[in-house]
Amino acid sequence: MTCARAVFRCFRTLERVGDRITGAAGPLFVTLAVVLLSTGTLCFFDIEQPSLRWPWLTTPICVLIVFNMLMHYYWVCTVSPGFIDDPPRQGGSDWLWARRRPTTKGGPLTGVRWSDDVRITKAMISKCRKCGLPRPERAHHCRICNRCVLKYDHHCPVLGVNQCVGLHNERHFILFMVYLVVASFCYVAIGYPSFLEAIGYHYQPIWPYRVPALAFVLTYILAGVLSLAVAVMLGWHLWSISLAETSVESQDHDHYRKVAKARAETFVNSYDLGKRKNLELFFNMGRDGYPSYTLLFPFRVEPYTDGWSWARREGYERHRGVREGDELTDEEEDD
Ligand SMILES: [Zn+2]
Ligand SMILES: [Zn+2]
């Protein structure tokens with residue numbers, strides 16, 4: 001037992017060191033991401049874009065894709081994910097915010113989308129053992145931010161986001177990945193003749209562009225790798241969203257499924273309203289939500305809930321197959 005405890009403690013220490021490094025390296029990743037995104041954009045408009053046919057059509061499309069990618073990146077890094085002790089948020093009214101459709105219930109919709117279309121019930125409240133604050137379902141304590149985040153997905157240093165992805169910035173996170181994948185894919189597909197020129201495969205006496213050939217070669221290779229890696233990550237995230245699960249929940253629910261199965265019961269995720277509806281709620285679209293053009297422009301959009309109420313399946317108040325005491329918590333014993 002003591003041996004197991006020592007190993008456990010050792011792992012805990014390693015994990016904490018990992019968290020510190022991740023926290024400290026965050027600004028470095030952000031700088032790297034900003035440099036790469038801006039160099040890629042410069043290379044594209046200097047080298048690739050002038051070679052495109054039908055510029056009256058392709059230029060606006062390219063500008064829109066790049067604009068979406070950069071703006072969603074900016075939003076995911078700067079919009080706070082939403083903490084449990086935040087005051088209630090109101091959507092802004094300036095041009096950055098998309099206009100909502102008039103609601104079927106009438107009246108302004110702020111905070112929660114109380115709509116005939118979905119059944120929304122108040123979240124169950126528990127107390128976080130780390131910060132001692134009451135928190136709603138789906139909130140988790142982030143060890144790096146040391147606060148409880150509403151609809152916590154994960155703490156993201158990898159793409160240079162350097163903060164938690166949660167209720168208020170998850171939509172920007174997904175759309176940033178979508179536009180990053182589209183942009184990198186186009187960059188690779190359109191730029192291969194220039195790439196061959198740059199590495200000397202097609203002999204050119206002079207490099208006729210303003211951006212150095214080395215910058216183009218490096219961003220081109222990175223875009224190739226990124227478009228594949230991020231596409232896989234994005235696919236996984238979209239699949240989880242269509243099942244109404246966050247990254248944390250997708251692991252927790254696997255565990256609940258096993259526990260329920262061992263008791264010959266079936267686990268049912270009470271947030272799961274079907275793939276289409278789950279995706280609609282995530283992007284806050286559909287009836288009483290925002291119109292679909294909000295996916296094509298980098299507008300700010302409020303989530304359908306304030307994080308203290310959740311849409312649920314008809315007839316469910318909690319997940320089926322999970323008994324009192326089965327629930328996984330993210331707080332480990334602090335000994
Ligand atoms: Zn907490
Ligand atoms: Zn965090």
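Is Lys151 buried or exposed? With 23 C-beta neighbours inside 10 Å, Lys151 counts as buried, because a residue is called buried when 20 or more other C-beta atoms lie within 10 Å of its own, exposed when there are 12 or fewer, and partly exposed in between, with C-beta atoms placed from the backbone. The model is predicted, so that local features need pLDDT of at least 70 and side-chain atom pairs count only at pLDDT 80 or more, while totals for chains, interfaces and linings use all residues. Residues are numbered from 1 along each chain as its sequence is written, and chains are lettered from A and ligands numbered from 1 in the order in which they are written.

Lys151 sits in the loop between β5 (147-149) and β6 (154-156), where strands (E, at least two residues) and helices (H or I, at least four) are DSSP runs numbered from the N terminus. Its phi is near 40°, a positive value in a residue other than glycine. Most residues other than glycine have a negative phi. Ala264 also has a positive phi, near 60°, and belongs to the loop between α5 (247-262) and α6 (275-282), but Ala264 is exposed, since 6 other C-beta atoms lie within 10 Å.

The path through the helices can begin with the record. The unreviewed UniProt entry annotates residues 21-42, 54-75, 173-193 and 213-236 as "transmembrane region"; such positions are given in the numbering used here, feature names are shortened, and annotations may be inferred rather than shown by experiment. In the model, residues 173-193 are 100% helix and 0% strand, with the end C-alpha atoms 32 Å apart, and residues 213-236 are likewise 100% helix and 0% strand, with a separation of 35 Å between the end C-alpha atoms.

Helix α3 (residues 170-198) bends by about 65° at Tyr192, with a proline, Pro193, following within four residues; the bend is the angle between axes fitted to the seven residues ending at a position and the seven starting there. After α3 comes Gly200, whose phi is positive, near 85°.

Helix α2 (residues 55-78) packs against α3 at an angle of about 145°, with the axes 8 Å apart, where axes are lines fitted to C-alpha atoms, for helices over the stretch in contact, and angles run from 0 to 180 degrees between N-to-C directions. By class, this contact has 13 nonpolar, three polar and no charged residues; Ala, Val, Leu, Ile, Met, Phe, Trp, Tyr, Cys and Pro count as nonpolar, Asp, Glu, Lys and Arg as charged, and the others, Gly among them, as polar. Helix α4 (residues 213-242) and α3 also pack at about 145°, with their axes 7 Å apart, and the contact of α3 with α4 divides into 20 nonpolar, six polar and no charged residues.

Arg171, in α3, is buried, with 24 other C-beta atoms within 10 Å. Leaving out residues up to four places away in sequence, Arg171 touches Phe282, Phe283 and Val301, contact meaning that C-beta atoms, placed from the backbone, lie within 7 Å. The C-alpha atoms of Arg171 and Pro303, 132 residues apart along the chain, are separated by 8.3 Å.

Val301 also appears among the contacts of Ala98, which, neighbours within four places aside, include Tyr290, Thr294, Phe299 and Arg300. Ala98 lies in the loop between α2 and β1 (120-122) and counts as partly exposed, with 19 C-beta neighbours inside 10 Å. Ala98 and Arg300 are 202 residues apart in sequence and 6.1 Å apart in space, C-alpha to C-alpha.

Terms used: Two residues are in contact if their C-beta atoms, placed from the backbone, lie within 7 Å.
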